[in-house]
Amino acid sequence: MKYTIEPTTTTTKALLQKQGVKQKPKAVWFAYPMATFVTPDHYNDELEITATEVVAYGAEDCMAHALLEVCEELRTATDCTCTFGHEGGYQIVTILGDICSKKGKPGDIALLRDLCPTMQAQALCGEGRALAGAVLQALDLFGPEIEAHITKKSCPSGGCPAFKTYHILVSKCTGCGKCIKACEDNAIMGKPKFVHVIDQRKCIQCDLCRKACPEGAVVRAGAKKPKTPPRPIPVRRKK
Ligand code: SF4
Ligand code: SF4
């Protein structure tokens with residue numbers, strides 16, 4: 001959740017309370033010129049707030065995706081064309097975009113760790129240096145969460161749209177077949193009066209079946225997946 005704030009000296013905790021944030025976020029981003037993540041261990045530390053925007057991330061938010069958004073924002077905030085700021089920023093955003101869309105490669109984290117210190121030292125604009133600093137800070141703070149996108153091909157928080165999967169709930173499916181008709185990728189198995197099942201190998205997460213289902217039986221799942229049968233079974237739902 002994004003909040004607009006005013007420059008002041010305060011703690012992250014007090015700031016969140018002022019904004020009416022009830023649940024403790026897993027991290028808070030203070031926008032440029034602060035350009036820093038703060039984690040719960042430091043919510044009581046006093047800060048001189050110079051940013052006019054903060055973003056609070058909850059358990060369901062993905063920090064790899066958060067970092068991608070932060071970097072995209074910093075990149076578009078500057079019209080600097082120096083090699084390190086412009087090209088470095090482009091490379092970093094591309095790598096993070098790949099990580100968040102299941103295309104991350106084993107060497108990506110090492111590449112980011114290589115690229116960022118040089119960019120931090122050589123970029124001419126403050127935004128470029130801040131971008132590199134934010135990446136290094138995020139890798140230190142949220143390394144395992146970010147790396148899981150590459151090593152485990154999963155998004156631990158379930159926040160990355162590309163890592164979400166579609167499932168049909170046994171408790172809700174009536175076997176009407178509307179989802180099969182809507183699916184253009186032949187990714188749904190089923191027949192009348194049988195609970196339909198999505199073939200995860202074929203599903204391209206297009207969302208058409210979810211929109212077509214009149215029963216709300218098709219759900220999108222992040223880290224926690226519902227239990228579904230491997231193949232269609234007779235409908236159990238009682239009308
Ligand atoms: S999300 Fe799209 S591809 Fe996947 S099962 Fe539904 S309609 Fe088919
Ligand atoms: S998932 Fe929805 S649309 Fe598909 S068969 Fe079940 S009730 Fe019908």
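This briefing covers the surroundings of ligand 1, the packing of helix 2, and the salt bridges of the structure. The model is predicted, and the values below are computed from it. Asp207 deserves attention in two of these topics, since this residue belongs to the surroundings of ligand 1 and also takes part in a network of salt bridges.

**Surroundings of ligand 1**

- The residues around ligand 1 are Tyr166, Cys183, Ala187, Ile188, Ile198, Cys203, Ile204, Gln205, Cys206, Asp207, Leu208 and Cys209.
- Sorted by class, this shell is made up of ten nonpolar residues, one polar residue and one charged residue.

**Helix 2**

- Helix 2 comprises 14 residues, 63-76, and spans 20 Å between its first and last C-alpha, which is close to the 20 Å expected at 1.5 Å a residue.
- Buried positions in helix 2 are Met63, Ala64, Ala66, Leu67, Leu68, Val70, Cys71 and Leu74.
- In an α-helix, residues three or four places apart point the same way, because there are 3.6 residues a turn.
- The buried residues of helix 2 pack against three strands, namely strand 3 (27-30), strand 4 (36-38) and strand 6 (53-57), and also against helix 3 (83-100) and helix 5 (126-151).

**Salt bridges**

- The model has nine salt bridges when a side-chain nitrogen of Lys or Arg must lie within 4 Å of a carboxyl oxygen of Asp or Glu.
- Side chains of opposite charge can pair when their charged atoms come close.
- One of the salt bridges joins Lys105 to Asp98 at 4.0 Å, N to O, and Lys105 is partly exposed, with a relative accessible area of 45%.

**The network that includes Asp207**

- Asp207, Arg210, Lys211 and Arg220 are linked by salt bridges into a network.
- Within this group, the side chains of Lys211 and Asp207 form a salt bridge at 3.9 Å, N to O; Lys211 is exposed, at 62% relative accessible area, whereas Asp207 is buried, at 9%.
- Asp207 also forms a salt bridge with Arg220, at 3.8 Å from N to O.
- Because Asp207 sits in the loop between strand 10 (197-198) and helix 7 (208-212), while Arg220 belongs to strand 11 (residues 218-221), this pair ties together parts that are 13 residues apart in sequence.
- Arg220 counts as partly exposed, with a relative accessibility of 43%.

Terms used
Residues numbered from 1 in each chain as written. Chains lettered and ligands numbered in written order. Predicted model: local features only at pLDDT ≥ 70, side-chain atom pairs only at ≥ 80, totals over all residues. Heavy atoms only, no water. Near = heavy atom within 4 Å. Nonpolar A, V, L, I, M, F, W, Y, C, P; charged D, E, K, R; others polar. Helix = DSSP H or I, 4+ residues; strand = E, 2+ residues; numbered from the N terminus. Expected span 1.5 Å × (residues − 1). Buried < 20%, exposed > 50% of the residue type's maximum accessible area, 1.4 Å probe, protein only. Contact = heavy atoms within 4.5 Å.
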